[in-house]
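User: I'd like to go through this chain and check what each label rests on. Could you take me through it?

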Amino acid sequence: MPSRDPHATVRTALRAPADATLVDSEFDARALRIFRHQFENNAPYRAYCERRGRTPSTVTHWTEVPPVPVAAFREVALVAGDPHDARVVFRTSGTTGGTERRGAHYLIDPSIYEASLLPTFTAYLLPDGSRPDMLALIPPRRQMPDSSLAYMIDVVMRRLGGERSMYA
């Protein structure tokens with residue numbers, strides 16, 4: 001029986017090779033499990049879905065799952081859990097709504113983000129398994145703690161970069 005744990009669902013999918021084909025029915029089943037988890041644990045998203053008449057009992061295919069408009073991330077904390085438990089918070093630059101209305105993406109468990117990032121980066125950019133020295137042309141994460149790009153570059157350089165990798 002498939003796991004009801006959305007983290008296990010995602011981790012299982014990420015263990016497949018980057019270029020593996022995922023059968024539509026399996027993608028649909030995984031997406032619906034993740035939708036159920038978000039619906040049950042993310043109060044603002046649940047309210048949004050209910051206003052649209054979409055619940056786990058009415059949604060029968062992943063294409064029926066209500067997508068969240070980008071602007072919503074500026075209005076509410078869209079997170080499956082308590083936003084105060086987030087170990088990482090990424091914020092938008094504020095170019096659209098101004099710096100006082102920056103969107104936020106809360107990660108309670110950043111290991112899922114990393115589990116997606118590392119195998120994909122390795123498969124497409126380091127298929128030979130090398131650990132090249134890397135040069136990042138953005139500030140390090142400690143200078144941009146709410147930047148998802150700075151977080152990604154930091155993780156890649158720490159885990160996959162050579163010992164002479166650096167920021168410029």
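Analyst: Sure. Helices (H or I, at least four residues) and strands (E, at least two) are DSSP runs, numbered from the N terminus. On that basis, the chain reads α-α-α-α-β-β-α-β-α-β along the sequence, with six helices and four strands. This is a predicted model, where local features need pLDDT of at least 70 and side-chain atom pairs count only at pLDDT 80 or more, while totals for chains, interfaces and linings use all residues. Residues are numbered from 1 along each chain as its sequence is written, and side-chain values use heavy atoms, with hydrogens and water left out.

User: Why does asparagine 42 count as buried?

Analyst: Buried means under 20% relative accessible area, exposed over 50%, and partly exposed in between (1.4 Å probe, protein chains only). Asparagine 42 has 2% relative accessibility, so it counts as buried. It sits in the loop between helix 2 (24-41) and helix 3 (43-51).

User: And what does asparagine 42 touch, leaving aside its neighbours within four places in sequence?

Analyst: Contact means heavy atoms within 4.5 Å. With those neighbours set aside, asparagine 42 is in contact with Ala77, Leu78, Val79 and Ala80.

User: Why is arginine 11 called partly exposed?

Analyst: Its relative accessible area is 29%, which falls between the two cut-offs, so arginine 11 is partly exposed. Arginine 11 belongs to helix 1 (residues 6-14) and touches Asp109, Ser111, Ile112 and Ala115, not counting residues up to four places away in sequence.

User: What makes a nonpolar core, and which residues touch the most other members of the largest one?

Analyst: A nonpolar core is a set of buried Ala, Val, Leu, Ile, Met, Phe, Trp, Tyr and Cys residues joined through side-chain atoms within 4.5 Å. In the largest, with 13 residues, Val88, Phe90, Met134, Tyr151, Val155, Val156 and Leu160 touch the most other members. Strand 1 (88-91), helix 5 (110-125) and helix 6 (148-160) each give two or more residues to this core, and helix 6 provides the largest share, five residues. Apart from it lies another core of eight residues, including Phe39, Tyr45, Cys49 and Leu78.

User: Which way do the side chains of strand 1 point?

Analyst: They alternate: Val88 and Phe90 point to one face and are buried, while Val89 and Arg91 point to the other and are not.

User: How do you know that strand 1 and strand 2 pair?

Analyst: Two strands pair if DSSP finds at least two bridges between them. Four bridges join strand 1 to strand 2 (residues 104-107), so the pair qualifies, and the two run antiparallel. Valine 89 stands opposite tyrosine 106 in strand 2.
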